[in-house]
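Let's take a walk through this one together. Have a look at the sequence and the model, and then we'll go from one spot to the next.

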Amino acid sequence: MAIEQSTQSSNLVDVLETVLDKGVVIAGDIRVGIADVELLSIKIRLIVASVDKAKEIGMDWWETDPYLNSKAANKEDEKLKEENDQLQKRIDALEKKMAQDNRLV
Amino acid sequence: MAELIYLYGIIPTNEKSTTPLPSFKGLDDEHDVHTLSFDGIDAVVCNLEESEYNQSALEEKTSDVEWLHEKAFHHHEAVTKLHEKYTIIPMKFSTIYSGYESLESTIKEHHKKMSDLLAWLSDKEEWNLKIYCDNEALRERTSAHNLTIEEKKKEIDQMSPGRQYLEKRKLDHLIDQELEKDKETYSSRIHDQLASYSEKTDIKKNWSKDVTGRSDEMCWNSVYLLKEANVEDFLSQVKHLQEVWKETGFQFELTGPWPAYHFAKLT
């Protein structure tokens, strides 16, 4: 049987239900009506699940898509820069080689 | 700039004097949580920027599911942290006052009740029990041990083969009905045995599978207010009952100690 500390692993709906619905109510000056706790739990569960699920089935393309993720964008930039440097080096080498070839003629 | 006051809960001043308040950030992740004393009781609060947490700003924030998720857990964790050190009257999420005067007048109005409540809660804690049920296992038991079912089976044995077929299908339906009754009866029997250790109990709603995200069904959900001195006996009784009911397909889930959210009442 699971005996759990409420801080660590209380399930979502319990925490929501107790803090949003229970607890002492003494009229504060600012009031908020909170939507149905069950519906809220389901929504949160779906959000959490959809992120996990997406990762699981490899649908995490947005993490590497430069339009959606700045980290990915930086990576893309670095890659381009590296490619650029390499191409530049090859051109330099080719030009040098051509110059040498020309001298021989 | 104007600041609002967010109230987490009420604790006794003398307990705070012996155990200093742990330092942590408030709901907005900026202002520190601190206490305000009112003649023997302390309000645990944090300040909030008025422009960001006034009525309309807060309404907008609470409509954002992710914001609400994060902040409700902040409230829960803050109150739980306080509960580990002090006797506490836990407030409902988002109890906010326009300023010091407003909070002061509210606390003055309820001062006597709050002091009494703190004294009553001082040696008590709240525990939550949920029972989940594996319908298949319990169905077997119901089918084998339920008196109504047994009689019906005897009746069917006397019938002609043609009628037996029809009646057996009806019997399946009857078993389903009896199964629901048995769940309720067994759970409430378990509850009664635990209630004898408790100062107060409350029976809560069973959450659906959509809400719990579990594959087995919740068939009981209740809270117990226990004297600290009785907690150990209560826990070993829960363990004992779990052993007894395991074969029936009952899975217990016990959580606690919780701040006394269900039993701290000012009215």
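**Cysteines, a helix and a charged patch**

We can begin in chain B with Cys46(B), which counts as buried because its relative accessibility is 0%. Keep in mind that this is a predicted model.

Now for another cysteine, Cys219(B). This residue is buried too, with a relative accessible area of 6%. What is the nearest cysteine sulfur to Cys219(B)? That of Cys133(B), 4.7 Å away. A disulfide needs the two sulfur atoms within 2.5 Å, so Cys219(B) is in no disulfide. Over all chains, in fact, the count of disulfides is zero.

Let's hop over to chain A and look at helix α2, which runs through residues 12–21. How many of its 10 residues are buried? Nine of them are, so you can call the helix mostly covered, since buried means under 20% relative accessible area. Among the buried ones are Leu12(A), Val13(A), Val15(A), Leu16(A), Val19(A) and Leu20(A). Asp14(A), Glu17(A) and Thr18(A) are buried as well. Just after α2(A) comes Gly23(A), and there the phi is positive, at about 85°.

Last stop: the surface of chain A. Here Asp77(A), Glu78(A), Glu82(A), Glu83(A) and Asp85(A) come together as a patch of negative charge. Pick out Glu83(A) from that group: this residue sits in helix α4 of chain A, which covers residues 70–104. Is Glu83(A) buried or exposed? Something in between: with a relative accessible area of 45%, Glu83(A) is partly exposed.

Notes
Residues are numbered from 1 along each chain as its sequence is written. Chains are lettered from A and ligands numbered from 1 in the order in which they are written. This is a predicted model: local features need pLDDT of at least 70, side-chain atom pairs count only at pLDDT 80 or more; totals for chains, interfaces and linings use all residues. Side-chain values use heavy atoms; hydrogens and water are left out. Buried means under 20% relative accessible area, exposed over 50%, partly exposed in between (1.4 Å probe, protein chains only). Patches are made of residues with over 30% relative accessible area and no salt bridge: like charges are joined within 9 Å, nonpolar side chains (Val, Leu, Ile, Met, Phe, Trp, Tyr) within 5 Å. Accessible areas come from the Shrake-Rupley method with a 1.4 Å probe; for residues, only the protein chains shown count as cover. A salt bridge is a side-chain nitrogen of Lys or Arg within 4 Å of a carboxyl oxygen of Asp or Glu. Lys and Arg count as positive and Asp and Glu as negative; His and the chain ends are not counted. The place of a charge is taken as NZ of Lys, CZ of Arg, CG of Asp or CD of Glu. Helices (H or I, at least four residues) and strands (E, at least two) are DSSP runs, numbered from the N terminus.
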